[in-house]
Amino acid sequence: MTSPLHRSVPVTDARALTQRWRGLIQRLKAPESRTLCLAWLLPDGTMAELVVPVDDIPVEPDRLMIGHLRGLHDEVAGQEGVPPEQLHLAMCLERRGPAHLTPDDHAWVAALSSILRDREGLDCSVHVAADFWVVPALPRVSW
């Protein structure tokens, strides 16, 4: 039997994506600093094998770094053999601190949405995690 957290099990809705992040976060060591984890969902809902943690992100959004995520997204799409517009970029901002969205979290989510979704046209979502607390902060537009 395949675990529901295994990348071959399709993520088909918002609740399943939150559960997938919760499971992935539990398997990883808690970050010492703010980390933005990147994962990609293929058109069938399965996850690409690559999960990229971007460590030591600043408290304030780094718009230059966010802009470079488009190139990484396109490269992953090429490796997976799918057009970039058919690949969903799922992100999880991990940090220490309170189990609720903070003003800093909202600033990062707004910057990610503005640059990746609005300017670059990427299908993306953002979760925020602190320890075992994981919540969607920018849901996927459509499933």
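This passage describes strands, cysteines and selected side-chain contacts in a predicted model.

Strand E1 spans residues 35-41. Seven of its seven residues are buried, and the strand is mostly covered. In a regular strand the side chains alternate between the two faces of the sheet. In E1, Thr35, Cys37, Ala39 and Leu41 point one way. Leu36, Leu38 and Trp40 point the other way. Residues of both sets are buried.

E1 has pairing partners that include E3 and E2. Strand E3 covers residues 88-94. E1 and E3 run antiparallel and are joined by seven bridges. Within this pairing, threonine 35 stands opposite glutamate 94. Strand E2 covers residues 47-54. The E1 and E2 pairing is also antiparallel, with five bridges. Leucine 36 faces valine 54 of E2 across this pairing. Leucine 38 stands opposite valine 52, also in E2.

E1 and E2 form a hairpin. Five residues lie between the two strands. Glycine 45 is in the turn and has a positive phi of about 95°. Threonine 46 is also placed in the loop between E1 and E2. The residue is buried, with a relative accessible area of 11%. The side chain of threonine 46 makes a polar contact of 2.6 Å with the side chain of aspartate 44. Beyond residues up to four places away in sequence, threonine 46 touches Arg7, Ser8, Pro10, Trp40 and Leu41. Of these, Trp40 and Leu41 are buried residues of E1, and their side chains point opposite ways from the strand.

Threonine 35 lies in strand E1. Its relative accessible area is 3%, so threonine 35 counts as buried. A polar contact of 3.0 Å links its side chain to that of aspartate 55. With neighbours within four places in sequence left aside, the contacts of threonine 35 are Pro53, Val54, Asp55, Ile57, Cys92, Leu93 and Glu94. Among them, Glu94 is the residue opposite threonine 35 in E3. Val54 is another of these contacts, and valine 54 stands opposite leucine 36.

The cysteines were examined next. The structure holds zero disulfides. A disulfide is a covalent bond between the sulfur atoms of two cysteines. The sulfur of cysteine 37 has its closest cysteine sulfur in cysteine 92, at 6.2 Å. The cut-off for a disulfide is 2.5 Å. The separation is therefore too far for a bond. The same 6.2 Å holds from the side of cysteine 92, whose closest cysteine sulfur is in cysteine 37. Cysteine 37 is buried, with a relative accessible area of 2%. Cysteine 92 is buried as well, at 0%.

Strand E4 comprises residues 124-130. E4 is mostly covered, with seven of its seven residues buried. Cys124, Val126, Val128 and Ala130 lie on one side of the strand. Ser125, His127 and Ala129 lie on the other. Both faces are covered. E4 pairs with E3 in the parallel sense over six bridges, whereas E3 and E1 pair in the antiparallel sense. In the E3 and E4 pairing, cysteine 124 is the bridge partner of leucine 89.

Cysteine 124 also takes part in a contact with arginine 117. The backbone oxygen of cysteine 124 lies 2.6 Å from a polar atom of the arginine 117 side chain. Arginine 117 is found in helix H3, residues 103-119. Its relative accessibility is 18%, and the residue counts as buried because the limit is under 20%. Not counting residues up to four places away in sequence, arginine 117 touches Leu112, Leu122, Cys124, Ser125, Leu138, Pro139, Arg140 and Val141. Of these, Cys124 and Ser125 lie on opposite sides of E4. Arginine 117 and aspartate 56 are 61 residues apart in sequence. Their C-alpha to C-alpha distance is 23 Å.

Ring interactions were also surveyed. The structure holds zero aromatic pairs. A charge does sit over a ring: the charged end of arginine 140 is placed over tryptophan 143, 4.8 Å from the ring centre. Arg140 is also one of the residues touched by arginine 117.

Conventions: Residues numbered from 1 in each chain as written. Predicted model: local features only at pLDDT ≥ 70, side-chain atom pairs only at ≥ 80, totals over all residues. Heavy atoms only, no water. Buried < 20%, exposed > 50% of the residue type's maximum accessible area, 1.4 Å probe, protein only. Helix = DSSP H or I, 4+ residues; strand = E, 2+ residues; numbered from the N terminus. Pairing = 2+ DSSP bridges. Polar contact = N/O pair within 3.5 Å; in protein donor to acceptor, adjacent residues only side chain to side chain. Contact = heavy atoms within 4.5 Å. Phe/Tyr/Trp six-rings, centres within 6.5 Å; stacked < 30°, edge-to-face > 60°. Lys NZ or Arg CZ within 6 Å of the ring centre and 35° of its normal.
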